[in-house]
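Subject: Structure handover

Hello,

Here is the structure for you to look over. Please open it alongside this message.

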Number of protein chains: 2
Amino acid sequence: MDKDSKVSITVIRRLPKYYRYLGDLLKKGINRISSQELSKMTGFTASQIRQDLNNFGGFGQQGYGYNVEELHNQLGRILGLDTVYNAVIAGAGNLGQAVANYKGFEDAGFKVLCLFDKNPKLIGLKIREIEIRDVDSLEEFIKENNVEIGIITTPKENAQDIADTYIKSGIKGIWNFAPADLKVPEDIIVENVHLNESLFTLSYFLKNRSDYTT
Amino acid sequence: MDKDSKVSITVIRRLPKYYRYLGDLLKKGINRISSQELSKMTGFTASQIRQDLNNFGGFGQQGYGYNVEELHNQLGRILGLDTVYNAVIAGAGNLGQAVANYKGFEDAGFKVLCLFDKNPKLIGLKIREIEIRDVDSLEEFIKENNVEIGIITTPKENAQDIADTYIKSGIKGIWNFAPADLKVPEDIIVENVHLNESLFTLSYFLKNRSDYTT
DNA sequence: TAGATTGTTAATCGATTAACAATC
DNA sequence: TAGATTGTTAATCGATTAACAATC
């Protein structure tokens with residue numbers, strides 16, 4: 001395993017892509033793949049793929065390549081997709097509701113137990129099976145239900161407050177959709193989805209398109 | 001300007017963060033900032049900030065630092081936030097509706113004209129002011145309304161088809177939320193928001209937390 | 001065995017950081 | 001002028017690519 005090594009974030013962020021392509025191959029019934037073929041599919045070099053995978057162990061076999069199912073399983077294990085965590089969402093507006101409906105949670109082993117909002121019009125409603133409750137009961141709920149993941153889909157202004165409540169309540173990881181940089185203790189994992197930054201990047205390349213295509 | 005240079009993607013992706021913090025400073029009425037102060041706010045080193053900015057020109061002044069308003073304006077210009085583009089959204093489900101409601105479009109100079117879906121139950125509805133139409137009319141709409149940005153919030157299975165329609169209709173950039181790697185000609189800009197990859201990364205760090213905190 | 005492909009070391013490339021002369 | 005801070009070059013660090021011996 002990776003007891004001693006600190007694998008770099010750039011490697012980690014490529015793993016989900018490997019995992020996804022291997023899942024596709026698995027569905028197609030293909031049970032063997034070489035780094036060269038994976039290279040064609042993912043756009044990463046074969047050398048990089050072998051380097052990446054060898055951070056976690058030698059999953060391949062010389063002269064053969066990789067067994068698709070085994071590598072898929074190993075990556076799932078490495079990514080922690082086999083571990084189930086309880087999650088809650090703070091902010092039950094459009095984005096919060098969309099996230100609550102997001103099918104991908106199951107694949108990652110996350111279970112959304114409840115949404116929270118301060119808008120009385122929303123409190124009491126259900127998104128699929130998931131209830132929207134008053135944000136005042138957030139802390140209590142987290143403590144009582146063994147919640148380890150907090151999702152933030154509130155406006156920017158409330159994001160840090162919610163994060164503080166999460167941390168105080170014992171949450172371990174935050175999936176943050178608010179366009180803010182949260183201040184958290186260093187043992188708290190924060191993963192940001194900054195839509196504005198993504199959109200601005202798109203805008204940049206549109207404006208400067210000719211610089212790159214000429 | 002940056003006529004000759006190809007600024008690296010890692011630099012570009014830091015610009016929105018600078019822009020955001022400068023916007024905050026502007027609101028607070030602060031009109032002068034040094035790279036060292038920006039370093040404290042953003043977490044990037046002062047050296048890196050100066051390097052980044054100097055890819056686009058010398059916006060600072062020795063002994064003084066940077067004028068907040070001017071730098072904010074310059075970054076806005078560099079990011080193309082002053083240019084207005086028309087956009088459409090394909091896929092009017094939860095995510096599509098959330099994206100349609102997303103306030104950040106205005107900041108980036110994007111205007112969402114219409115949503116498209118194939119579900120008859122959705123066609124005809126309005127999200128705020130934005131109508132949902134039949135996806136069959138997508139190509140025609142794009143050509144008639146000078147649409148340059150296509151957003152994809154459909155399921156994975158339909159993403160490539162929509163992308164193909166977009167490209168055929170003359171769209172220049174795609175903001176893709178589907179967990180798929182789109183195949184597009186090289187003059188088309190694609191910016192991905194891969195929620196599954198973000199979630200898997202969060203999962204990884206949760207599982208391997210102790211490796212990093214000890 | 002011969003061919004294929006990994007795992008891994010070494011070489012290269014690019015990005016970050018350090019340092020400091022230029023200059024406001 | 002003296003102090004501050006940039007713009008920019010040089011040094012360092014880390015990530016990617018190339019190469020090839022190991023081995024299935």
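Below is what was found, starting with the overall picture and then the sheet.

Please keep in mind that this is a predicted model.

Overall picture

Chain A has 214 residues, and 38% of them are buried. It holds 11 helices and 10 strands. Along the principal axes, its C-alpha atoms fill a box of roughly 60 × 45 × 35 Å. Take the contacts in chain A with a separation of 6 or more: 58% of them come from residues 24 or more positions apart.

The two chains

How are chains A and B related? A turn of 180° and a shift of 0.0 Å along the axis lay chain B on chain A, with an RMSD of 0.0 Å. That is what a two-fold axis does. Both copies use the same surface: 98% of the contact residues of chain B recur in chain A. In chain B, the residue that comes closest to the rotation axis is A98(B), with its C-alpha at 3.2 Å.

The sheet

Chain A has an open sheet of 7 strands with mixed pairing. The order is β6-β7-β5-β4-β8-β9-β10. Which strands stand at the edges? They are β6 (126-127) and β10 (189-192) of chain A. Each has a single partner strand, so one side of each is left without a neighbour in the sheet.

Now the β6 end. β6(A) pairs with β7(A), residues 130-134, in the antiparallel sense over 2 bridges. K126(A) stands opposite E131(A). I127(A) stands opposite I130(A). The hairpin of these strands has 2 residues between them, and R128(A) takes a positive phi near 50° there.

On its other pairing, β7(A) runs parallel to β5(A), residues 110-117, with 3 bridges joining the two. D117(A) has D134(A) in β7(A) as its bridge partner.

Helices on the sheet

Two helices are worth finding on screen. The one from chain A is α9(A), residues 156-169, which packs on the sheet. It touches β4 (85-90), β8 (147-152) and β9 (173-176) of chain A. The direction of α9(A) makes about 180° with that of β8(A).

The other comes from chain B. Helix α10(B), residues 195-207, lies across β4, β9 and β10 of chain A. It runs at about 170° to β10(A). So which strands are touched by α9(A) and also lie under α10(B)? They are β4(A) and β9(A).

Best wishes

Definitions and conventions. Residues numbered from 1 in each chain as written. Chains lettered and ligands numbered in written order. Predicted model: local features only at pLDDT ≥ 70, side-chain atom pairs only at ≥ 80, totals over all residues. Helix = DSSP H or I, 4+ residues; strand = E, 2+ residues; numbered from the N terminus. Buried ≥ 20, exposed ≤ 12 C-beta atoms within 10 Å, placed from the backbone. Contact = placed C-beta atoms within 7 Å. Least-squares fit on C-alpha atoms with pLDDT ≥ 70 in both. Pairing = 2+ DSSP bridges. Axes fitted to C-alpha atoms, helices over the stretch in contact; angles between N-to-C directions.
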